[in-house]
Amino acid sequence: QVDLVESGGGLVQSGGSLRLSCSASGRAFNKDPMGWFRQAPGKDRVLVAAIDWSGDTTFYSDSVQGRFTISRDNAKNTLSLQMDSLAAEDAAEYYCNTVLIWGKCATLWPWGRGTQVTVSS
């Protein structure tokens with residue numbers, strides 16, 4: 001059983017920054033590709049960023065390319081998402097999970113509770 005815990009969300013003004021963190025218990029994910037997903041109210045959950053097990057290869061959706069940076073610390077079993085130049089359309093619940101199919105919203109583990117990001121204009 002893998003328990004994922006996301007943190008770091010909050011209320012931020014448009015143009016501001018937030019850094020999200022994800023930790024896992026029950027399993028080390030140092031050999032797994034990982035990703036950040038988000039779900040806005042009334043919309044499907046989508047993958048916004050992914051990173052391979054080594055950290056050498058990353059993926060970003062078009063909507064966040066150039067503004068978000070995904071990183072990982074395998075020694076600490078943590079995953080991070082630096083979000084800059086936040087805009088209203090970034091407001092959503094953010095989740096981390098392993099990436100079963102690269103670039104796609106396909107995962108393997110149970111979802112955590114997520115962390116809410118709210119962007120004010």
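**Exercise 1. Determine the burial class of Cys105 and state whether Cys105 is in a disulfide.**

Step 1. Cys105 has a relative accessible area of 40%. Buried means under 20% relative accessible area, exposed over 50%, and partly exposed in between (1.4 Å probe, protein chains only). Cys105 is therefore partly exposed.

Step 2. The model is predicted: local features need pLDDT of at least 70, side-chain atom pairs count only at pLDDT 80 or more, and totals for chains, interfaces and linings use all residues. Residues are numbered from 1 along each chain as its sequence is written, and side-chain values use heavy atoms, with hydrogens and water left out.

Step 3. A disulfide is a pair of cysteine sulfur atoms within 2.5 Å. The structure holds one. Cys22 and Cys96 form this disulfide, with their sulfur atoms 2.0 Å apart.

Step 4. Cys22 lies in strand E3 (residues 18-25) and Cys96 in strand E9, so the link ties together parts 74 residues apart in sequence. Strands (E, at least two residues) are DSSP runs, numbered from the N terminus.

Step 5. Cys105 is in no disulfide. The nearest cysteine sulfur, that of Cys96, is 13 Å away.

**Exercise 2. Describe the handedness of the Cys22 and Cys96 link and the burial of both residues.**

Step 1. Read the angle about the S-S bond: 65°. The link is right-handed.

Step 2. Check Cys22. Its relative accessible area is 1%, so Cys22 is buried.

Step 3. Check Cys96. At 0% relative accessibility, Cys96 counts as buried.

**Exercise 3. Find the salt bridges and identify the residues that they join into one network.**

Step 1. Apply the rule. A salt bridge is a side-chain nitrogen of Lys or Arg within 4 Å of a carboxyl oxygen of Asp or Glu. The count comes to three.

Step 2. Take Asp32 and Arg27. Their side chains meet in a salt bridge at 3.1 Å, N to O. Asp32 is buried, with a relative accessible area of 13%. Arg27 is partly exposed at 37%.

Step 3. Take Asp90 and Arg38. The closest N and O atoms of this salt bridge are 2.9 Å apart. Asp90 lies in the loop between strand E8 (78-83) and strand E9 (92-98), and Arg38 in strand E4 (residues 34-39), so the pair ties together parts 52 residues apart in sequence. Asp90 is buried at 0% relative accessibility. Arg38 is buried too, with a relative accessible area of 9%.

Step 4. Take Arg67 and Asp90. Their side chains meet in a salt bridge at 2.7 Å, N to O. Arg67 sits in the loop between strand E6 (58-60) and strand E7 (68-73), 23 residues from Asp90. Both Arg67 and Asp90 are buried.

Step 5. Join the bridges that share partners. Arg38, Arg67 and Asp90 form one network.

**Exercise 4. Trace the pairing of strand E5 with E4 and with E6.**

Step 1. Locate E5. This strand spans residues 46-51, and five of its six residues are buried.

Step 2. Pair E5 with E4. Two strands pair if DSSP finds at least two bridges between them. E4 and E5 pair in the antiparallel sense over five bridges. Met34 stands opposite Ile51 in E5. The two strands form a hairpin with six residues between them. In the turn, Gly42 has a positive phi of about 80°.

Step 3. Pair E5 with E6. The sense is antiparallel, over three bridges. Ala50 stands opposite Phe59 in E6. E5 and E6 form a hairpin with six residues between them. Gly55 in that turn has a positive phi of about 90°.

Conventions: Helices (H or I, at least four residues) and strands (E, at least two) are DSSP runs, numbered from the N terminus.
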